[in-house]
Amino acid sequence: MYEDMVTARYYEERLQEEYLVGKQPAFDISAGPIPGELHLAAGHEASGIGVCHHLRDDDAVTAPHRPHHIAIAKGVDLDRMTAEIFGRETGCSSGKGGHMHLFDPDVKFACSGIIAQGCPPAVGAGMAAKKRGKDSVAVAFLGEGAISQGAFLESLNLASVHDLPVVFVIEDNDWAISMPKERVTTPLDGSRRADGFDMPGIRVDEDDVIAVYGAADEAIGRARDGNGPTLLELQVHRRMGHFMGDPETYRPEEDQELAAKRDSIERLKEELRAHGVEEETMESIKTAAHERVDEAIEWAKEQPEPDPEAAYEDAFVNPPSGVTDTEPEFDLAGGDD
């Protein structure tokens, strides 16, 4: 877990550096090697790593728009994920999805920029596993600002009605974009939303990966044994803005200072020291993790950009006649079957 946590933290820090290239002094969202938006999850490591270390490749995971720590913990290929973030042809979606739409079928991972969008697909994966008689589970991650969304509440209901092997994981970083949760959500303990759907609700109050691992062990074990869904709410913290370029003028300085002190990685290091792990060993793990991240970023930057014509591939509808050299295989307006 320590290896994945230091990998995820450094990955976000390096992406922050790369993202800002060419975007200053006047912030230009379209400039630089990573165009578009970028939402980083530094401070969220305990949730993604603590939960996903119980999962197998055949377990499905859906993540929100702040997905990298979860993807790393689930085993998404780091090179291909990085190439996708840089919009390169060798990315896991050929450079078309970017960082909010990562997809890796090899480890059953997907994410979306739509709030709470991952909940219904996770329920679908849980229902498929149950119908097939498999003991695989599905996990849906979302932020505390998403727990009033209809997709989330409907998913809780369907998972409960059918006793599906689904675990819903709320990452509570106290801020729904620029809004403190106490101004928009009640009750403040999101795990209590489980009460209305006859399922267990568990909250972990500290940024502690070991406590998260223990809570996830119970929830995932329950799902895998055929005993239905669980709702977890995990306290994390946000060390960066909601998105890159966010001035965070809405956020009091004391809140930012508090977040900087609530470091789940330092907490885990203290735990490792208490169990006799030497500083040298931890430093070696950290160094190897940093090298892996740096290599993935350098590799991604060297990859080719997609051919503009590739925009017409893998589309849900055919392009208009004459746009490409090949004619549509069928007529969407009617005609040949």
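Is C111 buried or exposed? The legends below take up this residue and several others in a predicted model, where local features need pLDDT of at least 70, side-chain atom pairs count only at pLDDT 80 or more, and totals for chains, interfaces and linings use all residues. Residues are numbered from 1 along each chain as its sequence is written, and side-chain values use heavy atoms, with hydrogens and water left out.

**Figure 1. C111 and C119 are cysteines in no disulfide.** C111 is buried, with a relative accessible area of 9%; here buried means under 20% relative accessible area, exposed over 50%, and partly exposed in between (1.4 Å probe, protein chains only). With a disulfide defined as a pair of cysteine sulfur atoms within 2.5 Å, the count comes to zero. For C111, the nearest cysteine sulfur belongs to C92, 8.3 Å away. For C119, the nearest cysteine sulfur is that of C111, at 14 Å. C119 is buried too, at 0% relative accessibility.

**Figure 2. The largest cavity holds about 60 Å³ of space.** A cavity is a set of points, on a 1 Å grid over the protein atoms alone, where a 1.4 Å probe fits but cannot get out; lining residues have an atom within 4 Å of a point. Grid points are joined across faces, edges and corners, and a volume is the space filled by probe spheres set on the points. Searching the whole structure gives two cavities of 30 Å³ or more. C119, from the previous view, helps to line the largest cavity, together with A63, P64, S112, I114, A116, Q117, G118, F141 and L142. This lining has seven nonpolar residues, three polar and no charged, where Ala, Val, Leu, Ile, Met, Phe, Trp, Tyr, Cys and Pro count as nonpolar, Asp, Glu, Lys and Arg as charged, and the others, Gly among them, as polar.

**Figure 3. The second largest cavity holds about 40 Å³ of space.** Its lining is made up of N173, D174, W175, H237, R238, R251, D255, A259 and R262. Five of these residues are charged, two are polar and two are nonpolar. One lining residue, D174, has a positive phi of about 80° although it is not a glycine. D174 sits in the loop between β5 (166–172) and β6 (175–176); strands (E, at least two residues) and helices (H or I, at least four) are DSSP runs, numbered from the N terminus.

**Figure 4. I177 and P187 lie in loops.** I177, in the loop between β6 and β7, has a positive phi of about 60° without being a glycine. At 47% relative accessibility, I177 counts as partly exposed. P187 belongs to the loop between β7 (179–180) and β8 (201–204). The peptide bond from T186 to P187 is cis, with omega near -5°.

**Figure 5. Helix α2 spans residues 45–52 and is largely enclosed by the rest of the structure.** Why is α2 described as largely enclosed? Eight of its eight residues are buried, so the rest of the structure largely encloses α2. The buried residues are E45, A46, S47, G48, I49, G50, V51 and C52. As wider context for this close-up, the protein chain has 10 helices and nine strands, and 47% of its 337 residues are buried. Along its principal axes, the C-alpha trace spans about 65 × 50 × 40 Å.

Notes
1 Å grid on protein atoms, 1.4 Å probe; cavity = no way out; pocket = protein on both sides within 12 Å on 5 of 7 lines; lining within 4 Å.
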